[in-house]
Amino acid sequence: MKKMRAFIASFLAVATLFTFTGCSSFKVIDDEEVFFDALDEAVGIDEDETLHVKNTKVNGDKAEFLIQAKDGDNYYYYVRFKKDDDAMDYFDEFYEDFDELFAEKEFDGSHAMSINKTRGAVTFNGEVEVGSTIGNKHYTSGSEIYGGIYVNKNVYIEVYSVNGSKRDKEKIDTFLKTLGFPKP
């Protein structure tokens, strides 16, 4: 009986490990044209409808390229930092905010989180409480959030919806599928 319990515990641990590593298996989008193409194909946002800047600073760090786009309640954000460490530091801030949010039970819903030295992902589908803060966004009312935040090497990407409709969530899913990223 003890051997069976040990086997079941080992199996569950390995299954959990595969779940978390599967969440983080996505490619680096180191060419901004891939992001622009996904916006156009999946969401219908043309490049000229985005805010995009070369050689700028994000959070005080050098970024080679930045793209911001909004479609109703959906937000799309791409930053290709000059250094891998800068992208990971930026992601770490959000990762820690989400971790605290989940630990403090200020989020009601499903989520998955994974992080290693050069790659990380947080996907979420649920509600945040009034007064919650994630990165530089403070929620003054309870809000439903859906999407994900990703980093791989020097590229940081946010794709999410705030109080979005079913159609908004479908657009997020289609966009993430186009990029090959894990969905919430």
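**Close-up views of the sheet, its helices and one loop**

**View 1. The open sheet in this predicted model has seven strands with antiparallel pairing.** The strand order is β1-β2-β3-β9-β8-β5-β4. Strands β1 (51–58) and β4 (107–115) stand at the edges; each has a single partner strand, so one side of each is left without a neighbour in the sheet. From one strand to the next, the twist averages 10 degrees.

**View 2. Strand β1 pairs with strand β2 (residues 61–71).** The two strands run in the antiparallel sense, and seven bridges join them. Among the residues of this pairing is Thr56, whose bridge partner in β2 is Ala63. Strands of a sheet pair through backbone hydrogen bonds, in either a parallel or an antiparallel manner.

**View 3. Helices α2 and α3 pack on the sheet.** Helix α2 (residues 32–43) touches β1, β2, β3 (74–81) and β9 (155–162). The direction of α2 makes about 5 degrees with that of β2. Helix α3 (residues 84–103) is in contact with β1, β2, β3, β4, β5 (119–128), β8 and β9. The direction of α3 makes about 145 degrees with that of β4.

**View 4. Thr140 lies in the loop between β7 and β8.** Strand β7 comprises residues 137–138, and strand β8 comprises residues 143–152. Thr140 has a relative accessibility of 66% and therefore counts as exposed, the cut-off for this class being over 50%. Between Thr140 and Glu129, the C-alpha to C-alpha distance is 8.6 Å. In sequence, Thr140 and Glu129 are eleven residues apart.

Methods
Residues numbered from 1 in each chain as written. Predicted model: local features only at pLDDT ≥ 70, side-chain atom pairs only at ≥ 80, totals over all residues. Heavy atoms only, no water. Helix = DSSP H or I, 4+ residues; strand = E, 2+ residues; numbered from the N terminus. Buried < 20%, exposed > 50% of the residue type's maximum accessible area, 1.4 Å probe, protein only. Pairing = 2+ DSSP bridges. Axes fitted to C-alpha atoms, helices over the stretch in contact; angles between N-to-C directions. Contact = heavy atoms within 4.5 Å.
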